[in-house]
Amino acid sequence: LLPFIAVNRLGVKLRPSLDVTHPAAMKVWRMLLPIGLGVSLPSIDQMVNKEFASYLGPGNTTAVIYAYRLMLLPIGIFAQAMALAIFPTLSGQAAEKNTTAMRRTMNQSLRNILFLTVPASALIYLLAEPFITFIYQSGHFTHNDTLATAPVLRSLSLGIFAWSCQSLLTRGFYALQNSKVPVISGAIVSVLFVSMNFWVVRPVIQVKARVDALTQQVGALQENVRLVQPFLLPSQAALAAGTTARSDTPAATQGTPLGLGTAQDDLTQLVAQVQMSQANIQARLDSKLYQLALAQSEFNARAARAVWELGLTTSIAATIHMVALYFLLRRRLTGLHSRRLLSSVSNVLMATLALCVLTKLVLAVCETSFETSHLAPKLVAVITLSLAGLAGLGAFLGVARALRMDELQSAIDL
């Protein structure tokens, strides 16, 4: 409604039409599906990761879901907002076929988004545990859940800059009314992404199969022990009773057909065989229990590592897609001022290095100070995030100002 009012004030008279076969409408329909698929790539990757994480246990699946939500937070704040802001400008420049202006706009936008998201990635990586504690830790979400989610968030945070740049680069293609390139490149990278996830999860699945097989074997052996025990106890009781009866029988009758000797000997032999069988089963059961404990320990270790690697594959796939889109768009626009972009990236990395050093130092001081504290975990997380985060941001902004980065003023203007 608001756009309709604004356009009407400009003197443009719009009339409703149901002509869905109009050439302009058909052009929109052709672009709509590829654009929808391109915008939904982060959600698709999340579903793929969630599916593969389901093989690692319910706790790891939950860790992936919660970590993804936090990873998308800076992307939504910075990348999506900036992409929506520059899209009308890019569309206007593309309509005028002003590729020089498009190159300048895209280069400036990429430098600005990297200036914002690279330090954000570093802060999330370093402060993952207090960040998760502050957002999630309460009720059923315990400290152990925080420790399980933190590694996944760290690995996902490495790709925040790539996801953010993707949002801008795809808008460049959309402004050129080319929605196929982002989708095709995204589909190729998605195939690579699924392959990497399978490669990560396959060893865990193999260990899980061994755990399941050993569990079944242990269950069968325990059932054998349970079945033998009721037979063994009465046999031992009968053997004890027979021994007592034989001791009370006159010596003249022992060993005769009417005596108890033969039956007693048979019962003794049977009990001995049952006891030996039970001992063999118990020995096999103990061996299988030991193997099961080792296999379960190996599964837990591999699963913990695999869930971190799933996040890492997401970041790697996002980076590959970003690089592919960058070179494809640069080819389409015959350049994107790459030297200036690389210079800006190097400055951002130097400023981020200062951020990491100071944040790590303040974080270590906070962890030492609150190690024996009885304060609530959320309060400790707030204090840690405030002190370490502000110290890191101060270091980043100080270095950026010393390097006289143009992106600093752009960030202030935002």
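Just after helix 8, glutamine 177 adopts a positive phi of about 60°. This value, like every other one here, comes from a predicted model.

Helix 8 itself, which runs over residues 160-175, is a suitable place to begin. The helix has 16 residues, and at 1.5 Å a residue these should span 22 Å. The C-alpha atoms at its ends lie 23 Å apart, which agrees with that expectation. Helix 8 is also mostly covered, since 15 of its 16 residues are buried.

From this helix the reader may turn to the space inside the protein. A search of the whole structure finds one cavity of 30 Å³ or more. The largest cavity holds about 80 Å³ of space. Eleven residues line it, and those closest to its centre are Asp45, Trp163, Val189, Ser190 and His321. Two or more lining residues come from each of helix 3 (41-53), helix 8 (160-175), helix 9 (180-248) and helix 10 (261-333). Among these elements, helix 9 gives the most to the lining, with four residues. By character, the lining of the largest cavity divides into six nonpolar residues, four polar residues and one charged residue.

The cysteines offer a last point of study. The structure holds zero disulfides. Cysteine 356 has a relative accessibility of 24% and therefore counts as partly exposed. Cysteine 366, at 6% relative accessibility, counts as buried, because buried means under 20%.

Key: Residues numbered from 1 in each chain as written. Predicted model: local features only at pLDDT ≥ 70, side-chain atom pairs only at ≥ 80, totals over all residues. Heavy atoms only, no water. Disulfide = S-S within 2.5 Å. Buried < 20%, exposed > 50% of the residue type's maximum accessible area, 1.4 Å probe, protein only. 1 Å grid on protein atoms, 1.4 Å probe; cavity = no way out; pocket = protein on both sides within 12 Å on 5 of 7 lines; lining within 4 Å. Points joined across faces, edges and corners; volume = space filled by probe spheres on them. Nonpolar A, V, L, I, M, F, W, Y, C, P; charged D, E, K, R; others polar. Expected span 1.5 Å × (residues − 1).
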